Amino acid sequence: MQDYLPISMLNQWEYCPRRFWLMYVGGEMEVNAPVLEGMYQHERVHAGGVTHEGEALIHRRVYLWSDRLRVAGFADVVEEREGELVPVEHKHGRMGRWLNDHIQLCAQALCLEERTGRPVVRGAIFYWKSRRRLWVEITPELRARTEAAVEQAFALAEAPTPPPPLERAARCRDCSLEPVCLPRQVRRLRSLEER
Ligand code: SF4
């Protein structure tokens with residue numbers, strides 16, 4: 001049985017369960033140029049500490065966890081403005097077409113609520129490439145989907161082998177683990193075996 005799941009791994013799970021398994025269970029990590037750029041940008045955010053921005057308090061690199069969900073990890077930033085707590089996740093790329101960043105952010109919000117006893121009604125994702133902040137409402141639907149993701153990720157973490165590659169090639173095109181995963185080759189082999 002797994003102990004606490006890293007919050008960042010929920011992002012991987014939502015993007016692709018096979019990617020989650022390869023990274024979390026298999027320990028795979030492919031450092032290509034976009035990954036390196038993201039690591040560098042995160043380093044700048046991850047300096048830690050608390051600063052003032054006008055009336056707001058900006059907490060950087062905040063460690064969060066939930067004993068109820070058994071997830072833990074760092075929020076890049078938690079803003080405190082007029083009593084409202086807002087987790088902000090920094091992403092190096094452009095706004096994605098998938099919900100993986102939303103799930104990661106929502107997990108941070110759920111942890112923040114559990115740690116502080118205060119409601120978190122929204123969060124934000126800051127995309128470095130487009131320099132845009134996307135506001136995300138922490139809706140009941142997003143909460144339920146995030147909690148389901150936690151449950152399914154824990155179950156998959158116990159699996160002895162990875163799930164099959166996605167059928168949706170659009171995600172594979174942007175996936176740094178494509179050279180390790182070999183989705184086309186694996187799909188081809190599986191279809192030959194099924195004949
Ligand atoms: S290449 Fe595709 S199937 Fe393989 S891990 Fe990445 S997204 Fe998943």
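Which side chain of opposite charge is nearest to Asp101, and how far away is it? The answer is Lys91, at 4.2 Å, and Asp101 is buried yet has no salt bridge. A salt bridge here needs a side-chain nitrogen of Lys or Arg within 4 Å of a carboxyl oxygen of Asp or Glu. Please keep in mind throughout that this is a predicted model.

## The whole protein

Let's start with the overall picture. The protein has 195 residues, of which 45% count as buried. Its secondary structure comes to eight helices and seven strands. Among contacts between residues at least 6 apart in sequence, 62% join residues at least 24 apart.

## Asp101 and its neighbours

Back to Asp101, which is found in helix H4, running over residues 100–116. Leaving aside residues up to four places away in sequence, Asp101 touches Asn11, Lys91, Ile125 and Tyr127. With Tyr127 there is a polar contact between the two side chains, at 3.0 Å.

Asn11, another of these neighbours, lies in helix H1 (residues 7–15). At 6% relative accessibility, Asn11 counts as buried. Its side chain makes a polar contact of 2.6 Å with the side chain of Gln104. With residues up to four places away in sequence again set aside, Asn11 touches Lys91, Asn100, Asp101 and Gln104. Lys91 therefore appears in the contact lists of both Asp101 and Asn11.

What does Lys91 pair with in a salt bridge? The partner is Glu89, with the closest N and O atoms 3.1 Å apart. Both Lys91 and Glu89 are buried.

## Helix H4

How well does the length of H4 agree with its residue count? At 1.5 Å a residue, the 17 residues of H4 should span 24 Å, and the end C-alpha atoms are 25 Å apart, which agrees. Of those 17 residues, 14 are buried, so the helix is largely enclosed by the rest of the structure. Just after H4 comes Gly117, which takes a positive phi of about 75°.

H4 is also tied to another helix by a salt bridge. Arg143 pairs with Glu113, the closest N and O atoms being 2.9 Å apart. This pair links distant parts of the chain: Arg143 sits in helix H5 (residues 140–157) and Glu113 in helix H4, 30 residues apart. Arg143 counts as partly exposed because its relative accessibility is 21%, while Glu113, at 18%, counts as buried.

## Salt bridges

In the structure as a whole, the count comes to 10 salt bridges. The table gives some of them, including the two pairs described above.

| Positive residue | Negative residue | Closest N and O atoms |
|---|---|---|
| Arg81 | Glu79 | 3.0 Å |
| Lys91 | Glu89 | 3.1 Å |
| Arg143 | Glu113 | 2.9 Å |

The pair Arg81 and Glu79 belongs to a wider group: Glu79, Arg81 and Arg133 are linked in a network of salt bridges. Within it, Arg81 counts as partly exposed at 37% relative accessibility, whereas Glu79 counts as buried at 6%.

## Cysteines

How many disulfides does a search of the whole structure find? The result is zero. Cys111 shows why for its own case: its sulfur is 9.6 Å from the closest cysteine sulfur, in Cys106, too far for a bond. For comparison, a disulfide requires two cysteine sulfur atoms within 2.5 Å. If you are thinking about accessibility, Cys111 counts as buried at 0% relative accessibility, and Cys181 counts as buried at 12%.

## Two backbone spots to look at

Most residues other than glycine have a negative phi. Two residues are worth finding in the structure with that in mind.

Arg70 has a phi near 60°, a positive value in a residue other than glycine. Arg70 lies in the loop between strand E3 (56–66) and strand E4 (71–81). Its relative accessibility is 25%, so Arg70 counts as partly exposed.

Leu182 likewise has a positive phi, near 50°, and is not a glycine. The loop holding Leu182 lies between helix H7 (178–181) and helix H8 (183–194). Leu182 is partly exposed, with a relative accessible area of 36%.

Methods. Residues are numbered from 1 along each chain as its sequence is written. This is a predicted model: local features need pLDDT of at least 70, side-chain atom pairs count only at pLDDT 80 or more; totals for chains, interfaces and linings use all residues. Side-chain values use heavy atoms; hydrogens and water are left out. Helices (H or I, at least four residues) and strands (E, at least two) are DSSP runs, numbered from the N terminus. Buried means under 20% relative accessible area, exposed over 50%, partly exposed in between (1.4 Å probe, protein chains only). Lys and Arg count as positive and Asp and Glu as negative; His and the chain ends are not counted. A polar contact is a pair of N or O atoms within 3.5 Å; within protein, one must be able to donate a hydrogen and the other to accept it, and residues adjacent in sequence count only if both atoms are side-chain atoms. Contact means heavy atoms within 4.5 Å. The expected span of a helix is 1.5 Å times one less than its number of residues.
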